[in-house]
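Hi everyone, thanks for making time today. I'd like to walk you through some side-chain pairings, so let's put the structure up on the screen.

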Amino acid sequence: MKLYENGVYLLNGKELIEDGAGCVEEILSKTGKSVTKEEAAKNTIAYGIMESHNVSGNMDKLQIKFDKLTSHDITFVGIIQTARASGLEKFPIQYVLTNCHNSLCAVGGTINEDDHMFGLTCAKRYGGMYVPPHQAVIHQFAREMLAGGGKMILGSDSHTRYGALGTMAMGEGGPELVKQLLGQTYDINMPEVVGVYLKGAPLKGVGPQDIALAIIGKVFANGYVKNKVMEFVGPGVSELSVDFRIGVDVMTTETTCLSSIWRTDGAVKEFYEIHGRSGEYQELNPKEIAFYDGMIEIDLSEIRPMIAMPFHPSNTYTIEELNANLMDILDDCEKRAQVSFDGAANIDLKSKVRNGKFFVDQGIIAGCAGGGFENICDAADILKGASIGSNEFSLSVYPASSPIYMELMKNGAAAVLMETGAVLKTAFCGPCFGAGDTPANNAFSIRHSTRNFPNREGSKVQNGQIASVALMDARSIAATAANQGLLTAATDFDIEYTKPQYHFDAKIYENRVFDSKGVADPSVEIQFGPNIKDWPKMSALPKHLLLQVTAEIHDPVTTTDELIPSGETSSYRSNPLGLAEFTLSRKDPSYVGKAKEIQKAQKAIEADSCPCEALPSLKPVMDTIKEHYDDISRKTIGIGSTIFAVKPGDGSAREQAASCQKVLGGWANIANEYATKRYRSNLINWGMLPLLIEEGELPFTNGDYLFLPNIKEEVSAKASELNAYVVKEGELKEFKLRLGELTDDERDIILKGCLINYNRR
């Protein structure tokens, strides 16, 4: 795999010429055409799609209107509640509500099913679609029923990626969907486009997760595609089945790219025909001379079965490399665990080694990445006639939709798997975020799913319980299962894959999915459960801000799962204050108490009372500030919390990673950089300042008070650098913060206090 240092021209979809001295002349000699870099950059697939959806009239400053929206049941309640508070009367575009996360209704009593009934009644009232639990995971339903060539889809899940079908899709926090529901736009600078040039064909036994992990391992740490669009081109695309392309595409989220798009061909056309939507196919190719801001060149035949070891999809090795350096790599993972968990729990991976061989405890093939038809059929071919054994190893398989499950039953693959001792389950995202198949303490799980962040599998470090997950392809998971837990690459099995034809049967959806056809029925009463709560009122940005640092995180990257845990907390995602109790619970259990304590001062201000009476420890801090600023009063100052993290926001698009801090009185985050655009957007949409500080020794520490004078004026005046002070020992010690680029609307949202307030104007 090669990463080009400079931009690259692609000629006729087949030849790469790196930008540099003499490249223009070389292009002229080969094509007979002279083109500028700026002109050639307009010839990518991505540019054409974004241009057709941009309403700003300025391709440098995009304002995108999407064709369709999709959400699942740990996000749609908050989104609709936000939109309702802002005056929602009807879904203006197709909005599909799926139920693939809070599907285990035993968790939290009736809470989850109450959320489902809320979704169904909202789909009826506002004119949407509703996919009941266990029918399909969000992204598989979108592939089968929503995607379209040249279309753009926005989803409130980070793995919203349908590029393999010719659809540019993006995963963002809920407030960005609220904007679309209210007729507003998705505002970004024109992103760079990085080409992914595929050539050759994969070896037998190498699957889409292997290709994806190889890419993630190469580009995550260096930020090569961060907030950029990945465009898959080259002859190797046509060497991959559509299911294979989908499996690679969905994992592009883990590179931190903004979106993805692939060139399309007859195989994609056939996919749409199989699903009864042939009119949605559009042939997409870059034009004769296209310029990319970067290029990843991949010879598919060189990729070997991969494994992403704990605790990140970028911690990649070939399975062969892992087995050859077993003890060293396991030792490294154990050390990573000590850093991630601050010594709260011990993980012993070396105990999994028996006679020099690595044995795992659990295999999972599931969800939007692993639950595809081809993945499961290939796994069945490997496992045919085998037994997974009667010891600790277990294997669970979750087809991504009911139509896939039905076809697996019809062609016999389901029976083959069940005969081995594997368990087939309904369409559910649980294993991906810790709500299903949570492993035993110190167990090691291999999964064809999307993420393996710390605690993502559902363990509770605060209770001393820890497990770990490695990502692998379904084929190598099946090979490991056939060897009853002995880690094995699929290429070690010499079998012929049957590759059965897929037949899509829409009857299940026709009989069960509610589709309003875009017709709203205002007479329908929305069904609420006792756990579904409105967002609390939020104050506008005051003239001055006093912030207490209530958490300080120095991990290289902080995931959204660490900011607000997934798993069992999901039942409370329709209850802002209830969910907020879990904020940072697996990273800094003291955070919630500290944030609530300083929030007492802000609540006193909002009640027109003295903040120092509500929080007497604040008095010396306020006295110090008043010595330098004579206009400090409850009318001019806001008081709350902030956290520092080196690089927060990797992973999920969940808005709750930001909103939970907000409802606990958070006014800002301070970071060296933000891991993703979507997390920064979530902060902004919840009225929180996305502050930046230069890398190096911090001028403050956990518990310190920070004073930001005239912050309202600075935001209004579009200041890029802010004066800030540490209030300590009777002194104000100055340091600098940056705010980063903000659109006028984003500044207004922060000034108003949150998107809800902004839309009430």
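Let's begin with E26 and K30, whose side chains meet in a salt bridge at 3.2 Å, N to O. Keep in mind as we go that this is a predicted model. Both E26 and K30 belong to helix α1, residues 23-31, and they sit four residues apart, about one turn of the helix. As for accessibility, E26 is partly exposed, at 33%, and K30 is partly exposed too, at 42%.

How many salt bridges does the structure hold? The count comes to 43. As a reminder of the general idea, side chains of opposite charge can pair when their charged atoms come close.

Now for a pair that links distant parts of the chain. R456 forms a salt bridge with D561, and their closest N and O atoms are 2.8 Å apart. R456 is in the loop between β23 (444-448) and β24 (468-471), while D561 is in helix α20, 105 residues apart. Are these two buried or exposed? R456 has a relative accessibility of 5%, so it counts as buried, and D561 is buried as well, at 3%.

R475 and D473 make another salt bridge, at 2.7 Å from N to O. Here R475 is buried with a relative accessible area of 2%, and D473 is buried at 0%. There is also a network of salt bridges, which links D331, E334, K335 and K350.

Next, a lysine that goes without such a partner: K68, in strand β5, residues 68-71. K68 is buried yet has no salt bridge. Which side chain of opposite charge is nearest to K68? That is E280, 4.3 Å away; a salt bridge needs a nitrogen-to-oxygen distance within 4 Å, so this pair is not counted as one. What the side chain of K68 does reach is the backbone oxygen of L146, at 2.8 Å. Beyond its neighbours within four places in sequence, K68 has contacts that include I93, Q94, M145, M152 and E280.

Let's move on to the rings. A search of the whole structure finds 18 aromatic pairs. In one of them, F232 and W262, the ring centres are 4.0 Å apart and the planes are at 5 degrees, so the pair is stacked. F232 lies in strand β12 (residues 229-233) and W262 in strand β13 (residues 259-262), so the pair ties together parts that are 30 residues apart in sequence. Both rings belong to buried residues: F232 is at 1% relative accessibility, and W262 is at 0%.

Y572 and F582 give us a tilted pair, with 5.7 Å centre to centre and 35 degrees between the planes. Y572 is in the loop between α20 (560-563) and α21 (576-580), and F582 is in the loop between α21 and α22 (591-606), so this pair ties together parts 10 residues apart in sequence. Y572 counts as partly exposed at 30%, and F582 does so at 23%.

A few last items on rings. F91, Y95 and Y126 form one aromatic cluster. We also have charges over rings: K2 lies over the face of Y4, 4.1 Å from the ring centre, and the charged end of K647 sits over the ring of F220, 5.7 Å from its centre.

That's my tour, and I'm happy to take questions!

Definitions and conventions
Residues numbered from 1 in each chain as written. Predicted model: local features only at pLDDT ≥ 70, side-chain atom pairs only at ≥ 80, totals over all residues. Heavy atoms only, no water. Phe/Tyr/Trp six-rings, centres within 6.5 Å; stacked < 30°, edge-to-face > 60°. Helix = DSSP H or I, 4+ residues; strand = E, 2+ residues; numbered from the N terminus. Buried < 20%, exposed > 50% of the residue type's maximum accessible area, 1.4 Å probe, protein only. Lys NZ or Arg CZ within 6 Å of the ring centre and 35° of its normal. Lys, Arg positive; Asp, Glu negative; His and termini not counted. Polar contact = N/O pair within 3.5 Å; in protein donor to acceptor, adjacent residues only side chain to side chain. Contact = heavy atoms within 4.5 Å.
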